[in-house]
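Q: Please give me a close look at a single part of this model: one place where two helices pack. Set the scene with the whole chain before you zoom in.

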Amino acid sequence: MPASTTTTPTSLFRTWWSQPPPTAGAAVMATGILSVALHQTNYETLSRITLALACAAWLALAGDFAARLLWDRSRWLKEAATPAALTAIAATTVLGTRFSDLGRQHLAQALLALAALLWPGLLIAVVRHWHRHMPGAVFLGCVATQGLAVLAATLAATESTAWLAHAALMLFWLGLVLYVIALTCFDLRQVTQGSGDHWVAGGALAISALAGSKLIAADSPGQYLWNDDDNGVLHAVTAALLVLDLAWYAVLTVAEIGWPRPHYDVRRWATVFPMGMTAAATLSVSTAMDVPWLRTPGEVLLWIAVVAWLAVAAGAVRTYLDVTSTKRR
């Protein structure tokens with residue numbers, strides 16, 4: 001009796017989930033940060049739709065993470081040492097930030113606690129395996145750390161919690177150190193040859209700029225977190241990070257045009273995330289540092305990221321349909 005070729009509604013998801021990392025976590029990160037940026041620009045309905053998609057994918061990611069930890073420990077340990085493992089932390093903090101914006105502070109706090117619990121072990125396991133000539137995923141150490149800084153600073157501003165703001169500040173500086181180290185390990189040839197995750201080289205700077213803007217916004221007369229010197233340094237570093245991020249964005253865009261890679265690759269989710277994060281960082285810096293003219297480029301970058309998200313999602317569906325069609329022949 002021939003094997004059945006009937007597919008189930010979850011087949012597409014299972015096919016996508018089985019792809020090489022950093023597919024799953026990067027897709028959650030990309031979708032989650034679009035929700036954040038859409039909220040910043042008052043497209044609330046679209047923001048909530050993308051949030052729902054990100055939450056569904058995050059729940060599946062969490063279930064898969066827990067299942068492998070409990071029933072396939074050897075595989076879990078092997079994957080935990082890869083940079084892609086850190087997408088779980090970054091994805092969790094992005095969702096936590098969006099829930100905080102919605103006023104769901106208890107849920108945001110729970111997500112921060114979960115991410116903080118996972119962060120030390122995964123980061124150490126990943127950093128121990130860093131080496132020369134790595135792909136763009138090497139910058140996920142910075143991304144995960146700055147994700148914690150963003151969420152902690154967001155909650156510190158909302159809850160007026162000074163110690164949380166100071167913890168976020170330490171994570172912010174640590175994230176920048178991790179970026180510098182990762183840069184020494186990054187294979188620059190990936191700029192013209194990479195399959196998608198090379199964009200994280202810029203995305204890590206974008207989330208660092210976002211963290212800086214959140215730290216600036218967390219200060220208030222009631223808390224008085226930073227003195228004039230501290231505040232001046234934060235403003236200068238945050239502005240420099242955004243400029244460097246936009247420079248990376250320009251370089252990577254030119255490289256995409258000069259060395260086209262039009263074929264679909266699952267690592268393209270790691271391209272969408274930096275695009276969306278650059279938009280969110282630009283909009284956040286505009287508000288925190290009172291630079292209103294930055295809102296226009298921020299919105300333009302947001303819609304570029306939305307188009308990129310739709311293109312990658314279409315590529316994923318088209319690839320699945322092609323694979324399914326081939327199997328039925």
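**From the whole chain to one helix pair**

A: Start at the surface. The protein chain exposes about 15100 Å², and carbon and sulfur atoms supply 67% of that area. Keep in mind that this is a predicted model. Now look beneath the surface. Of the 329 residues in the protein chain, 53% are buried.

Next, the building blocks. The protein chain has 13 helices and 0 strands. Read from the N terminus, its elements run α-α-α-α-α-α-α-α-α-α-α-α-α. The radius of gyration is 19 Å, close to the 20 Å that the globule rule gives for 329 residues, so the protein chain is as compact as a globular protein of that length. Along its principal axes, the C-alpha trace spans about 75 × 45 × 45 Å.

How do the contacts run along the sequence? Take contacts between residues at least 6 apart in sequence: 82% of them join residues at least 24 apart.

Now zoom in on the helix pair. Two packed helices are described by the angle between their axes and the distance between those axes. Here the partners are α11, residues 228-258, and α12, residues 269-288. Their axes come within 11 Å. They cross at roughly 145°. The crossing of α11 and α12 is left-handed.

Which residues meet? From α11 come Thr238, Leu242, Asp245, Leu246 and Tyr249. From α12 come Met275, Thr278, Ala281, Thr282 and Val285. Sorted by class, this contact has 6 nonpolar, 3 polar and 1 charged residues.

Two other residues add to the picture. The first topic is a loop residue. His198 sits in the loop between α9 (190-193) and α10 (200-218). Its relative accessible area is 0%, under the 20% cut-off, so His198 counts as buried. Leaving out residues up to four places away in sequence, His198 touches Gly136, Phe186, Gln190, Val191, Leu252, Glu256, Arg261 and Arg268. Two of these partners, Leu252 and Glu256, fall within the residue range 228-258 of α11.

The next topic is a helix residue. Gly141 lies in helix α7, residues 140-159. Gly141 is buried too, with a relative accessible area of 1%. Its contacts, again leaving out residues up to four places away in sequence, are Leu86, Leu123, Trp130 and Leu178. Look at Leu86. Gly141 and Leu86 are 55 residues apart in sequence, yet their C-alpha atoms are 6.7 Å apart in space.

Key
Residues numbered from 1 in each chain as written. Predicted model: local features only at pLDDT ≥ 70, side-chain atom pairs only at ≥ 80, totals over all residues. Heavy atoms only, no water. Axes fitted to C-alpha atoms, helices over the stretch in contact; angles between N-to-C directions. Helix = DSSP H or I, 4+ residues; strand = E, 2+ residues; numbered from the N terminus. Left-handed = near helix turned anticlockwise from the far one by under 90°. Contact = heavy atoms within 4.5 Å. Nonpolar A, V, L, I, M, F, W, Y, C, P; charged D, E, K, R; others polar. Rg over C-alpha atoms; globule rule 2.2 N^0.38 Å. Buried < 20%, exposed > 50% of the residue type's maximum accessible area, 1.4 Å probe, protein only. Areas by Shrake-Rupley, 256 points an atom, 1.4 Å probe, with all protein chains shown as cover.
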